[in-house]
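Work through the following exercises with the sequence and the model side by side. Each one sets a task and then gives a solution in steps.

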Amino acid sequence: VSQSRYSMQCGEVDVQINFLKDELKFNDNLTSNDMKNINNSAKEKAGNGKLLGLFNSDFKFKFDFDFGDEKVGAKNGYLCVKKVKVDVKLDPTIYIAKEAIKNSCTYNSIKEHEKIHYDITKKQYLLIFQKLNITSL
């Protein structure tokens with residue numbers, strides 16, 4: 001990471017990263033073909049066959065900056081960043097194809113299977129964040 005001559009005058013920046021609690025959502029309004037368009041992986045795995053269930057997650061980030069009072073640079077026109085707070089949230093959704101009859105054995109089996117993918121993904125991300133010393137709320 002390169003630094004401008006002004007950022008070097010500002011000193012250390014306190015960075016706080018929080019992994020926020022996610023809310024697992026369910027969507028059973030899409031057809032098998034519609035679900036194939038959610039991501040490339042789904043399309044590749046399903047090929048020409050039916051896709052009855054899919055787990056998909058995205059990360060959402062929110063950044064808050066505290067600039068403090070210290071000014072540096074050309075005629076003191078640049079503010080120094082003192083603190084950065086980053087909130088990271090996993091945005092998970094389980095998709096179940098419209099073709100599966102709600103609350104049937106097939107529907108419930110698909111739902112339970114996709115929950116396994118969610119659990120594995122969440123554990124992997126939590127391990128990564130722990131290794132990076134990121135706090136959890």
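## Exercise 1: Aromatic rings and a nonpolar patch

Phe67 has a relative accessible area of 38%, so this residue is partly exposed. The model is a predicted one, and the exercise starts from this residue.

**Task.** Classify the ring pair of Phe65 and Phe67, and describe the surroundings of the two residues.

**Solution.**

Step 1. Phe65 belongs to strand E3, and with a relative accessibility of 48% Phe65 falls in the partly exposed class.

Step 2. A pair of aromatic rings is described by the distance of the centres and the angle of the planes. A search of the whole structure returns six aromatic pairs. For Phe65 and Phe67 the ring centres are 6.2 Å apart and the planes stand at 25 degrees, and the pair is therefore stacked, given that planes under 30 degrees apart are counted in that class.

Step 3. The wider setting is a cluster in which ring pairs link Phe59, Phe61, Phe63, Phe65, Phe67 and Tyr125.

Step 4. On the surface, Phe61, Phe63, Phe65, Phe67 and Leu79 make a nonpolar patch of about 530 Å². Strand E3, which covers residues 53–66, gives the most to this patch, with three residues.

## Exercise 2: The strand partners of E6

**Task.** Establish which strands are joined to E6 by bridges, and in which sense each of them runs.

**Solution.**

Step 1. Begin with strand E1 (residues 14–20), which is joined to E6 by seven bridges, the two strands running parallel; within this pairing, Ile17 stands opposite Val86.

Step 2. Continue with strand E2 (residues 25–27), where three bridges connect the strand to E6, again in the parallel sense; here Asn27 has Tyr95 of E6 as its bridge partner.

Step 3. Turn then to E3, which runs antiparallel to E6 and is joined to E6 by 14 bridges; Lys62 is matched with Asp87 of E6 in this pairing.

Step 4. Finally, consider how E6 is covered: strand E6 spans residues 83–96, and because eleven of its 14 residues are buried, the strand is largely enclosed by the rest of the structure.

## Exercise 3: Salt bridges around Asp91

**Task.** Find which lysines are linked with Asp91 in a network of salt bridges, and state whether Asp91 is buried or exposed.

**Solution.**

Step 1. Side chains of opposite charge can pair when their charged atoms come close. The structure contains seven salt bridges.

Step 2. One of them brings together the side chains of Asp91 and Lys25, with an N to O distance of 2.3 Å. This pair links distant parts of the chain, since Asp91 is in strand E6 and Lys25 in strand E2, 66 residues apart.

Step 3. Asp91 also forms a salt bridge with Lys60, where the closest N and O atoms are 3.4 Å apart. Here too distant parts of the chain are linked, with Asp91 in strand E6 and Lys60 in strand E3, 31 residues apart.

Step 4. Taken together, Lys25, Lys60 and Asp91 are linked in a network of salt bridges.

Step 5. Accessibility completes the description: Asp91 counts as buried because its relative accessibility is 17%, under the 20% limit for that class. Lys25 is partly exposed at 33%, and Lys60 is partly exposed at 49%.

## Exercise 4: Helix H4 and the loop before it

**Task.** Locate Asn103 and Asn108, and describe a salt bridge that lies in helix H4.

**Solution.**

Step 1. Asn103 is placed in the loop between E6 and H4, and its relative accessible area of 60% makes Asn103 exposed. Its phi is near 65 degrees, which is a positive value in a residue other than glycine.

Step 2. Asn108 lies in helix H4, which comprises residues 105–131, and is partly exposed at 34%. Between Asn108 and Ile96 the C-alpha to C-alpha distance is 9.5 Å, while in sequence they are twelve residues apart.

Step 3. Glu112 and Lys115 are both in helix H4, three residues apart, or about one turn of the helix, and their side chains meet in a salt bridge of 3.6 Å, N to O. Both partners are partly exposed, Glu112 at 45% and Lys115 at 27%.

How values were computed
Residues are numbered from 1 along each chain as its sequence is written. This is a predicted model: local features need pLDDT of at least 70, side-chain atom pairs count only at pLDDT 80 or more; totals for chains, interfaces and linings use all residues. Side-chain values use heavy atoms; hydrogens and water are left out. Patches are made of residues with over 30% relative accessible area and no salt bridge: like charges are joined within 9 Å, nonpolar side chains (Val, Leu, Ile, Met, Phe, Trp, Tyr) within 5 Å. Accessible areas come from the Shrake-Rupley method with a 1.4 Å probe; for residues, only the protein chains shown count as cover. A salt bridge is a side-chain nitrogen of Lys or Arg within 4 Å of a carboxyl oxygen of Asp or Glu. Helices (H or I, at least four residues) and strands (E, at least two) are DSSP runs, numbered from the N terminus. Buried means under 20% relative accessible area, exposed over 50%, partly exposed in between (1.4 Å probe, protein chains only). Rings of Phe, Tyr and Trp (its six-membered ring) pair if their centres lie within 6.5 Å; planes under 30 degrees apart count as stacked, over 60 as edge-to-face and the rest as tilted. Two strands pair if DSSP finds at least two bridges between them.
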